[in-house]
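Welcome! Here are a few short exercises, each followed by a worked solution. Have a look at the structure before you start.

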Amino acid sequence: RILTENWAQENLYCPACSSDNLQSAPIGKKVIDFICPNCEETYQLKSQSHPFGNRVANSAYKPKIKSIRMGTNPNYLFLHYKPEFSVVSDLFLVPKHFITESVIERRKPLGENARRHGWVGSNVLLGNLPLDARISIIKGFNEIPKLHVRELWKKYFFMREQSASARGWLADVLSCVRKINRDIF
């Protein structure tokens with residue numbers, strides 16, 4: 001985690017504005033790892049050494065749902081790295097307006113032998129996201145041009161102005177339409 005957060009601190013930029021860097025969030029700031037110094041967009045970094053599947057473990061369920069409803073959830077950065085080469089192989093962004101209740105799964109409470117007995121976590125269901133929600137920053141070891149990343153960011157930014165339920169409906173319908181995989185349906 002320390003290595004990937006340091007890498008992100010040194011290499012990431014804000015896709016929402018022209019800032020060429022992100023700042024680490026203050027220590028103790030829950031669910032936020034980075035903040036843009038210009039536009040104040042917030043980001044949470046999830047990193048792992050194996051490719052991301054359809055489900056990614058995340059934070060506590062109830063606060064996550066509350067933050068989605070209030071529009072205070074962060075944008076997500078999903079970083080896949082190769083530890084044997086100390087290199088980032090893939091990095092994609094999911095803007096916060098695509099993180100809706102339908103992509104959050106409630107996990108079972110921790111058992112009675114667990115240190116945090118009864119705690120209920122969540123999973124982000126990447127498989128429920130429309131393909132448009134994943135904005136590649138690095139793909140197959142190749143960096144995607146900043147201009148292209150920022151254009152993709154702007155494409156669905158209008159969703160931020162919608163209510164939480166409208167964002168969820170839009171994202172779900174877009175996901176269904178993309179699965180049809182036809183120009184006319």
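Exercise 1. Find the loop that holds Phe85, and decide whether Phe85 is buried or exposed.

Solution. Begin with the place: Phe85 sits in the loop between β5 (75-82) and β6 (87-94). Strands here are DSSP runs of E with at least two residues, helices are runs of H or I with at least four, and both are numbered from the N terminus. Next comes the accessibility: Phe85 counts as exposed because its relative accessibility is 60%. The scale calls a residue buried under 20% relative accessible area, exposed over 50% and partly exposed in between (1.4 Å probe, protein chains only). Finally, Phe85 joins Val87 and Phe141 in a nonpolar surface patch, with about 310 Å² of accessible area together. Patch members have over 30% relative accessible area and no salt bridge; like charges are joined within 9 Å, and nonpolar side chains (Val, Leu, Ile, Met, Phe, Trp, Tyr) within 5 Å. The areas come from the Shrake-Rupley method with a 1.4 Å probe, and for residues only the protein chains shown count as cover.

A note on the source: this is a predicted model, in which local features need pLDDT of at least 70 and side-chain atom pairs count only at pLDDT 80 or more, while totals for chains, interfaces and linings use all residues. Residues are numbered from 1 along each chain as its sequence is written, and side-chain values use heavy atoms, with hydrogens and water left out.

Exercise 2. Work out which side chain of opposite charge is nearest to Lys96.

Solution. First locate Lys96, in the loop between β6 and β7 (104-106). Lys96 is buried and has no salt bridge, a term for a side-chain nitrogen of Lys or Arg within 4 Å of a carboxyl oxygen of Asp or Glu. The nearest side chain of opposite charge is Glu41, 5.2 Å away. Lys and Arg count as positive, Asp and Glu as negative, while His and the chain ends are not counted. Beyond its neighbours within four places in sequence, Lys96 has contacts (heavy atoms within 4.5 Å) that include Pro74 and Arg160.

Exercise 3. Describe the surroundings of Ile27 in the chain.

Solution. Ile27 belongs to the loop between β1 (23-24) and β2 (34-35). Its relative accessible area is 89%, so Ile27 is exposed.

Exercise 4. How many helices and strands does the protein have?

Solution. Count four helices and ten strands. Along the sequence they follow the pattern α-β-β-β-β-α-β-β-β-β-β-β-α-α. As for burial, 42% of the 185 residues count as buried.
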